[in-house]
Amino acid sequence: MEEDGTKSYRIKDIKFFGSARRILLQSANGPCPLLALCNVLLLRNQLQISQDARYISFDELVAMVTNQLFDANASATRDNDASSPTGSRAANVRESLSSCLEVLPRLNVGLDVNCKFGGVSDFEYTQELSVFDLLDICLYHGWLVSQQEEKAWALFAHLSYNQVVERLIAYEEAQQRVANSAEAAAPPANSAGASSSAAAASTEEADSASSAAAALPDAAAASGSAAVPPDAETQKAIEEGLLIKDFMDRTASQLSYDGLMALHETLRERQLAVFFRNSHFSTMLKYSGDLYLLCTDIAFGYSHIVWEKLDEVDGDTTYYDADFQPNTAESAEAAALAAAEAAQESYLAGAVAMGPPQQADADAMLAWQMMQEEMQQQQLAEQRQGSSGQGGARPKGKAAAAKAKAASTAPGNGPRKGAGKGQPEVTSKKKSLTKTVKSCNMQ
């Protein structure tokens with residue numbers, strides 16, 4: 001299957017607390033909440049993907065999640081008596097399921113999520129969030145304002161992100177009104193130089209967040225003009241905007257220290273959840289008191305790295321393997337070698353397991369026979385070298401054997417398919433390869 005970041009996903013096999021699991025990787029940069037949801041279900045073993053599959057399409061995932069939604073909520077939808085409490089709840093669940101079926105096909109491109117700044121699980125309710133509720137998956141964020149900042153907490157802890165953005169827009173408009181008023185109150189260009197300089201200086205200060213509210217009266221006093229201070233509404237918009245802008249500048253990563261501490265306090269040990277940050281959804285796990293994010297970028301496809309530790313707000317991070325051991329240069333090199341050897345052995349084993357090709361393809365038949373003979377010759381050469389201790393360096397274990405086998409069966413060393421009548425060229429190459437093996441044995 002051709003890979004596309006929004007239409008299909010690559011599958012990676014990992015270990016999760018000793019059990020085999022399959023997770024989804026993402027090749028295209030984007031939010032993709034469906035991938036985070038499915039990875040939670042896969043790690044819970046509530047979804048299973050065939051071992052033969054290397055990629056899975058978005059439509060297949062939607063079908064699998066739809067089935068899981070109905071299975072997980074089957075008992076809650078059986079009561080049809082609307083007058084009873086359970087019947088009323090069943091009706092609500094059925095309505096939510098219907099909404100989820102409309103939402104699921106859109107989850108490959110994004111999700112309408114509007115977080116609030118007072119709690120890690122505080123979001124403005126939208127139809128899309130019902131998917132998380134019905135799958136019993138918690139959605140968290142870490143963008144919290146500190147309760148120690150009393151003014152900021154009282155101002156916007158209860159507000160959503162969209163509402164805070166509206167306050168920032170009002171702040172910028174108020175700044176512009178102050179700047180325009182200061183400019184209009186400035187004396188004519190032919191007035192005293194000192195007064196003109198003071199008015200110009202005050203106009204520049206009006207553009208600064210820290211002095212916007214005081215710029216106009218200072219300018220009026222310096223220039224002797226009749227300008228009046230900002231009205232109460234403008235003054236309030238500037239004061240609120242300063243608090244909000246300061247918080248936004250300090251938490252540009254959309255993760256605050258208060259939010260990080262609240263996440264530690266909220267998540268249970270070994271709880272799986274979905275973490276929202278910078279319009280991206282990640283699979284989160286709490287283990288041994290630490291928070292981890294599942295590494296789902298396509299770059300980790302062949303890597304031993306599985307988890308990323310979430311312990312900093314500024315982007316510094318540490319990567320961990322499936323056993324939650326930190327990644328080091330030594331372990332990375334060893335894991336890369338092991339992965340290469342495994343890929344080589346898998347390739348060789350797959351070629352042997354396929355058996356001889358059909359007789360109709362003469363070139364392929366000869367290639368397969370040559371590969372078998374060459375592997376046998378190579379093994380004999382290694383055995384003779386090991387028993388005599390002569391003729392070059394002795395292969396060191398499976399790694400060298402795999403590398404030797406891989407080198408002997410590399411595409412450039414085998415017969416070239418489609419070379420005219422084929423057999424003469426293949427036969428000559430076979431003889432040359434046999435001579436090479438014999439010469440190695442004689443050394």
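The following exchange asks how several labels in this predicted model were reached.

Reader: Why is tryptophan 307 called buried?
Author: Buried means under 20% relative accessible area. Tryptophan 307 has a relative accessible area of 0%, so the residue counts as buried.

Reader: What makes the pair of tryptophan 307 and phenylalanine 324 stacked?
Author: Ring centres must lie within 6.5 Å to pair, and planes under 30 degrees apart count as stacked. For tryptophan 307 and phenylalanine 324 the values are 5.7 Å centre to centre and 15° between the planes, so both conditions are met. Tryptophan 307 lies in strand 8 and phenylalanine 324 in the loop between strand 9 and helix 11 (329–353), so the pair ties together parts 17 residues apart in sequence. Phenylalanine 324, at 9% relative accessibility, is also buried. Ring pairs place both residues in a cluster with Phe16, Phe17, Tyr287, Tyr292 and Tyr320.

Reader: How do you know that lysine 309 and aspartate 290 form a salt bridge?
Author: The criterion is a side-chain nitrogen of Lys or Arg within 4 Å of a carboxyl oxygen of Asp or Glu. Lysine 309 and aspartate 290 are at 3.6 Å, N to O, so the pair qualifies. The bridge links strand 8, which holds lysine 309, to strand 7 (residues 290–294), which holds aspartate 290, 19 residues apart.

Reader: Why is lysine 309 called buried, and why is aspartate 290 called partly exposed?
Author: The limits are under 20% for buried and over 50% for exposed, with partly exposed in between. Lysine 309 has 16%, so this residue is buried. Aspartate 290 has 24%, so that one is partly exposed.

Reader: What makes glutamate 240 and arginine 167 a salt bridge?
Author: Their N to O distance is 3.3 Å, which is within 4 Å, so the pair counts. Glutamate 240 is in helix 9 (residues 232–250) and arginine 167 in helix 6 (residues 161–185), 73 residues apart. Glutamate 240 is buried at 16%, whereas arginine 167 is partly exposed at 28%.

Reader: Why is aspartate 311 called partly exposed?
Author: Its relative accessibility is 32%, between the limits of 20% and 50%, so the label is partly exposed. Aspartate 311 is in the loop between strand 8 (305–309) and strand 9 (319–321).

Reader: What makes Asp311, Glu312, Asp314 and Asp316 a patch of negative charge?
Author: Asp and Glu count as negative. A patch needs residues with over 30% relative accessible area and no salt bridge, with like charges joined within 9 Å. Asp311 has 32%, so this residue passes the area limit. The four gather in such a patch on the surface.

Key
Residues numbered from 1 in each chain as written. Predicted model: local features only at pLDDT ≥ 70, side-chain atom pairs only at ≥ 80, totals over all residues. Heavy atoms only, no water. Patch = residues over 30% accessible without salt bridge, like charges linked within 9 Å, V, L, I, M, F, W, Y side chains within 5 Å. Areas by Shrake-Rupley, 256 points an atom, 1.4 Å probe, with all protein chains shown as cover. Charge placed at Lys NZ, Arg CZ, Asp CG, Glu CD. Helix = DSSP H or I, 4+ residues; strand = E, 2+ residues; numbered from the N terminus. Buried < 20%, exposed > 50% of the residue type's maximum accessible area, 1.4 Å probe, protein only. Phe/Tyr/Trp six-rings, centres within 6.5 Å; stacked < 30°, edge-to-face > 60°.
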